Amino acid sequence: TRRVRTRDLITAKERGERWPMLTSYDQYTASIFDQAGIPVLLVGDSAANNVFGYETTVPVTAEELLPLVRAVVRATRHALVVGDLPFGSYEEGPTQALRTAVRFMKEGGCHAVKLEGGRRCAAQIAAITGAGIPVMAHIGFTPQSEHAIGGYRVQGRGDAADDVIADARAVAEAGAFAVVLEMVPGEVAKRITAELPIPTVGIGAGADTDAQVLVWQDMAGLRTGKAPRFVKRYADLAGALTDATRRFADEVRGGDFPAAEHTF
Ligand code: KIV
Ligand code: NA
């Protein structure tokens with residue numbers, strides 16, 4: 001089957017079909033998610049936390065993300081792969097944003113890019129889409145701005161709903177093909193989803209968005225410790241990997257591995 005196109009996602013919205021999205025940063029997860037039927041994979045700047053071990057997404061660079069984008073593209077046949085533009089690579093304005101987006105398309109080989117910001121990034125979204133590159137926007141809580149926002153906080157509560165709604169309208173008008181709504185009250189996400197012609201992708205935005213995204217290590221329980229309330233763990237990969245590692249270590253120490261069948 002052919003690759004998913006942005007057009008297919010708009011059609012899905014028109015038909016009322018919901019779709020799942022996951023992050024991916026490497027070939028094995030990319031190929032598993034692709035074959036399991038995830039239509040959109042995001043090489044998120046959350047690689048900062050989930051691959052490189054930074055505290056926030058602020059330090060990660062295009063140089064660090066581009067090899068991960070290439071790996072995910074190479075490992076997939078069906079999914080539309082979105083490359084996340086890192087902090088500092090698009091804020092200066094449309095020229096810088098377009099330059100970085102072109103790099104992600106040419107060097108990363110992805111099929112779309114994503115950036116954070118609503119009204120303040122409308123000019124960047126217009127410049128990138130104007131050059132023929134699909135853009136997924138990201139509004140509500142935007143992790144690259146966590147120091148300005150003051151931590152992981154729900155955005156758009158009470159009167160602030162109007163700000164998130166204005167951001168949603170602005171990114172759709174600027175030409176985005178989809179918009180991530182992160183940590184937005186369910187009622188606000190529902191309203192935006194009903195109003196916009198483009199799909200909404202929720203993360204901590206309730207059940208009424210057109211799509212849902214999770215960081216794969218959260219979804220599969222590779223990351224341990226306290227997870228945000230919007231995370232659901234569908235597996236215990238951390239437990240499975242810890243168990244496998246302990247058994248391997250024990251067998252090496254006990255002289256049980258390798259056995260005759262592993263030996264030339
Ligand atoms: O980088 C990321 O993982 C994201 C998603 C959570 C939307 O931006
Ligand atoms: Na991101």
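The exercises below, each with a worked solution, concern a predicted model.

**Exercise 1. The sheet**

Determine which strands form the barrel and how they pair.

Solution. Step one is the strand order: β1-β2-β3-β4-β5-β6-β7-β8 make up a closed barrel of eight strands. Step two is the direction: the pairing is parallel. Step three is the twist: on average, and with direction ignored, neighbouring strands of this sheet are turned by 25 degrees against each other.

**Exercise 2. One strand pair**

Find how many bridges join β5 to β6, and which residue of β6 stands opposite A137.

Solution. Strand β5 covers residues 135-140 and strand β6 covers residues 178-182. The two run parallel and are joined by five bridges. Opposite A137 stands V179 in β6.

**Exercise 3. A residue after β6**

Locate M183, describe its phi, and decide whether M183 is buried or exposed.

Solution. M183 belongs to the loop between β6 and α9. Its phi is near 50 degrees, which is a positive value in a residue other than glycine. For the burial, count C-beta atoms: M183 has 22 others within 10 Å. The cut-off for a buried residue is 20 or more, so M183 is buried.

**Exercise 4. Helix packing**

Classify the packing of α8 and α9 by angle and by handedness, then list the residues that meet.

Solution. Helix α8 spans residues 161-174 and helix α9 spans residues 186-195. Their axes lie 10 Å apart, at an angle of about 30 degrees. Angles under 35 degrees count as roughly parallel, so α8 is roughly parallel to α9. The crossing of the two helices is right-handed. On the α8 side, the residues in contact are A161, V164, I165 and A168; on the α9 side they are V188, R191 and I192. By type, the contact of α8 with α9 consists of six nonpolar residues, no polar ones and one charged.

**Exercise 5. From α11 to the segment after it**

Place R247, decide whether R247 is buried or exposed, and state what kind of peptide bond joins F257 and P258.

Solution. R247 sits in helix α11, which runs over residues 237-254. Within 10 Å of R247 there are 12 other C-beta atoms. A residue is exposed at 12 or fewer, so R247 is exposed. Moving ten residues along the chain from R247 leads to F257, and the C-alpha atoms of these two are separated by 9.9 Å. The bond joining F257 and P258 is a cis peptide bond, with omega about 0 degrees. P258 itself lies in the segment after α11.

Key:
Residues numbered from 1 in each chain as written. Chains lettered and ligands numbered in written order. Predicted model: local features only at pLDDT ≥ 70, side-chain atom pairs only at ≥ 80, totals over all residues. Axes fitted to C-alpha atoms, helices over the stretch in contact; angles between N-to-C directions. Helix = DSSP H or I, 4+ residues; strand = E, 2+ residues; numbered from the N terminus. Parallel < 35°, antiparallel > 145°, perpendicular 65-115°, else oblique. Left-handed = near helix turned anticlockwise from the far one by under 90°. Contact = placed C-beta atoms within 7 Å. Nonpolar A, V, L, I, M, F, W, Y, C, P; charged D, E, K, R; others polar. Pairing = 2+ DSSP bridges.
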